Amino acid sequence: MRPVYTVSGGVSKFTKARPDKTYQAVVKEAYDYAIEDISLTFRQFNELVDGSVASYFSDHFTRQLMAAIMAQDYLGLCPKPSHRCEGGGATGGICFQEAWKAVASGYMDICVAYGFETMSHVETWKGNEFIAHASDVSFDYPVGGFYSGYYAIMVTRHMKEFGTTLEQLATVSVKNHANAFHNPYAQKRQRLTLQDVRDAPMVAWPLTRLDICVMSDGAAATILCSEEGLAKLEAAGAQVRRPLVKVTGIGRGTDAMRMADRPHQSYDDFLKHNLLPHEDTADTRSYYRHLWDRGFRYPGVHSFRAGRMGSREAYKNAGISDPLHEIDFVELHDAYTSSEIQTYEDMGLCRYGEGGGFAVSGKAFVPGIDYGLDLPAEPVCPVNPSGGLIACGHPVGATGLMQAVFALWQLQDTVGLHFGDDTLQLNRPKRGAIHSHAGTGTYVTVSIMEREE
Amino acid sequence: MTDTNSDAKQPETLGGFVVHNLPFPNHLDANTLELLKDMAPVQIEQTYCITYLHSYAQDSPFFAGLTNRVFLGNRDPETGYTYATPRGHDMTTGNRNDWVVFPNEGTIHAFTVCHFGSEEFLPQCPFILILVQFEGADTLFLSRLIGVEPEDASLDWIGMKVKARYLRNAKLKPTDVYFVPAE
């Protein structure tokens, strides 16, 4: 595999509804922004780009099969090669990785990944029904198909198993909404208190409306290229920012569609298959032994094995041995406050069972922002500095690509330029991780992006 | 003093009058054609519905069992790995699984109370979803719990013994079985 760089990106404003434009035209907003950011014209870039990968989740929302080809032709990319990828909530993350593969393999020198979702064409409860069809239609959906319900089931087990508290969940919501207050692309820019989160209408006990991401219309696009592709872009006059941002590792994991089918592995199998290298210490083995002695089984319904395996593979490829201290920020798939806490553990930012404590420690917060919380520790690895899905919105096919674009801007030190507000710009981060997640943890992608020195 | 809420909103719904004409410039010239670029969008309602002939295929005996008040699961004949939610073939060995009769009692592994949901289930809110754990089974079963107050949701429900009940008039859905507290 050869080196792959992410050189530019664009995101449409995520919002409840975009009746002013078709989804193709919303994709073009993000696409045009990415092209303009490297100072090329539409014609120049379209001559150079070798092809694309498109992502959107649901044919139901658009009521249009093969919707991606309509974006492809609207962008003037026909007859160049392309395909649509789909993997539930991880669709955007998968798209990013498929574009990476196209370039890393030598198939393309320049590849654009674009994604979108138009969720506003149906009412929220119908949208929930569409999304719930991404659960087993024989055994899950007919029982009361509702993703917020599925995640609430998981968190009750997490709370019972580990003592995770409602306040810890609410802290994630306060953090991500406060971050998004400084992100003009975000759908919900709010300063909240823990009490606001708990006082919001109950959706699925114990998750309230402010524990859960909203449906959105939106699009995102990012341009990936090889060294040869970079040379072609620059020969045509592209102004590609330095230092470059390289994709240094990708990883992907899967798990059974039905939560009920998740295995309850033994301690030995967990150590053999799922332990992260930095956890392989006497202290942590003893910690996990104690959990097993208390009845903990992995992954159960409280943990995402796919997220752990995706992280493990990505870390191995990128040479990361201590994720909390070697990754400068993470944009992760917080469709629910609870899933952010679960994902801290899957990604090894803390051990399984310690996610709730990690959430309120302060380590995952952005420096310099007043959250109105009493945080005992200094920030170490900000999580969702953009505001994440909970505050930015979750137009499914665009979300994983939105993460890639926001991570790129962090690594380029251009958050202030793109947001018109540099509050969220971290202090010269060198390495970021993006994490995209589907279903109840069925597909999970983790990609590592690094600034080249 | 009366409590007030300046953020109160009427719930949004579709429907309304049928419109047979739309505003449009009476005269088309360069200026009015240019103004069309800023025209507000026309939005229409479209209905789409379809009936599927869905087969339960190799899982069919499970549903036939429910209509006869029997809860069936699957078991790998080689390893004994036991599935509380039917699965035709084992995930590890690839073997065709056997059918086994499950007990009518289990415990709650995890749960939620849905106060909102998908369109199909909105009239049933609030309803309780549980994952049931059976003695000797390696996987769980998603079902409904009744017989407790949704407003009393508590982590103490986890571990509660529950027993299966069956609909007299089966609907050939997994909800033909549901659970109630065993004690």
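Let's start with a single pair: B:N74 sits opposite B:W99, a residue of β3(B). Keep in mind as you look around that this is a predicted model.

Now zoom out a little from that pair. Strand β1 of chain B covers residues 72-75, and four bridges tie β1(B) to β3(B), with the two running antiparallel. The sheet they belong to is an open one with three strands, ordered β2-β1-β3 in chain B and paired antiparallel. At its edges you'll find β2 (82-83) and β3 (98-101) of chain B, each of which pairs on one side only.

Next, how does chain B meet chain A? In terms of contacts, 38 residues of chain B touch 36 residues of chain A. On the chain B side, the elements that put in two or more residues are β4 (105-114), β5 (127-133) and β6 (141-145). The biggest share there belongs to β4(B), with six residues. If you sort this side of chain B by residue class, you get 22 nonpolar, ten polar and six charged residues.

Over to chain A, which splits into two domains: domain 1 takes in 5-122 + 216-245, while domain 2 spans 249-451. Their C-alpha centres are 25 Å apart. Between the two, 36 residues of domain 1 of chain A make contact with 34 residues of domain 2 of chain A. Looking at the domain 1 side of that contact, β1 (5-11), α5 (91-104), β4 (110-118) and β7 (217-225) of chain A each chip in at least two residues. The largest share comes from α5(A), which gives eight residues to the side of domain 1 that touches domain 2. The class tally for this side of domain 1 of chain A reads 17 nonpolar, 16 polar and three charged residues.

One more stop in chain A: helix α8, made up of residues 147-162. Its 16 residues reach 22 Å from the first C-alpha to the last, close to the 22 Å expected at 1.5 Å a residue. Is α8(A) mostly covered or mostly open? Mostly covered: 15 of the 16 residues in α8(A) are buried, and buried here calls for 20 or more other C-beta atoms within 10 Å of a residue's own. Step just past the end of α8(A) and you come to A:G163, where phi turns positive, at about 80°.

Methods. Residues numbered from 1 in each chain as written. Chains lettered and ligands numbered in written order. Predicted model: local features only at pLDDT ≥ 70, side-chain atom pairs only at ≥ 80, totals over all residues. Domains from an automatic or database assignment. Contact = placed C-beta atoms within 7 Å. Nonpolar A, V, L, I, M, F, W, Y, C, P; charged D, E, K, R; others polar. Pairing = 2+ DSSP bridges. Expected span 1.5 Å × (residues − 1). Buried ≥ 20, exposed ≤ 12 C-beta atoms within 10 Å, placed from the backbone.
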